[in-house]
Amino acid sequence: VSTQSTGLRVTLFVHTMVQNHHTCHLADEPEYGIPFNARHADQVARATNSVLNEMCQTVGVDDFAKLTSFTLNKRTVSKEKLCDWLETLCFTLNRFASAHLQMAVERIDELNTSQNNVQKTVIELQSKLLEKREDEIKSLRSVVEDEVKTVQSTVQNELKSYSSVLTKTCSSALAPTKICAAVRTVADREDKIKSVIVYGMDESSDEVLDKNVSEVLREIYEKPVIR
């Protein structure tokens, strides 16, 4: 639409919808409030492939890469048909492909930001966990050290008490008077074992004890040493 006023020319381009059997694949209008998804890319690809396939069939090539100015510049391809293809491709690119691409870029940025935030949170949680474990280890070490000190103190006190009791007991048991008494008791017992008591013999002031006892023992066939 062109207008001319006071020597100033203003040209307005009005956006129009292109509707044909190619653009029918473009079902979802780009809306920036709706996150990009794979369906958008699939719709753009279907519309684009539909146009390119028709172009290949019309000019007689079997690959999109063969759609060149040379293959398209044929008498069998009318100017109107070329304009239709160009209009459809421009509409698809401008109205859908570019918009969806921008939405995809924004979505990727959001995902990257979200991933960075998650990684940051994970790192912070790991750091807090390590600090907590270190605190727990320090606390446990302190408790163990206190327990060890308590056990050592108890053992030392019991050893001292046992040593004191043992010292007193040994001192009392190994006193010289008790040792002498024990030796004397053993000696008396040994002496009694070696003593012989003879009954029924007459005693006189001039008797020879060793001789009389020896004769008695000889009669019973015993030959002890008499001192």
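**Exercise 1. Classify V144 and place it in its surroundings.**

*Solution.* V144 has a relative accessibility of 44%, so V144 counts as partly exposed; buried means under 20% relative accessible area, exposed over 50%, and partly exposed in between, with a 1.4 Å probe and protein chains only. Next, find its element: V144 sits in helix α3, residues 79-173 (helices are DSSP runs of H or I with at least four residues, numbered from the N terminus).

A word on the source: this is a predicted model, where local features need pLDDT of at least 70 and side-chain atom pairs count only at pLDDT 80 or more, while totals for chains, interfaces and linings use all residues. Residues are numbered from 1 along each chain as its sequence is written, and side-chain values use heavy atoms, leaving out hydrogens and water.

**Exercise 2. How many salt bridges does a search of the whole structure find? Work through them.**

*Solution.* The search finds three. A salt bridge is a side-chain nitrogen of Lys or Arg within 4 Å of a carboxyl oxygen of Asp or Glu.

- Step 1: R46 pairs with D42, with the closest N and O atoms 2.8 Å apart. Both lie in helix α1 (residues 38-59), four residues apart, about one turn of the helix.
- Step 2: E54 and K81 meet at 2.9 Å, N to O. This pair links distant parts of the chain, E54 in helix α1 and K81 in helix α3, 27 residues apart. E54 is buried at 17% relative accessibility, whereas K81 is partly exposed at 30%.
- Step 3: D62 bridges to K66, with the closest N and O atoms 2.9 Å apart. D62 is exposed at 65%, and K66 is partly exposed at 42%.

Notes:
Helices (H or I, at least four residues) and strands (E, at least two) are DSSP runs, numbered from the N terminus.
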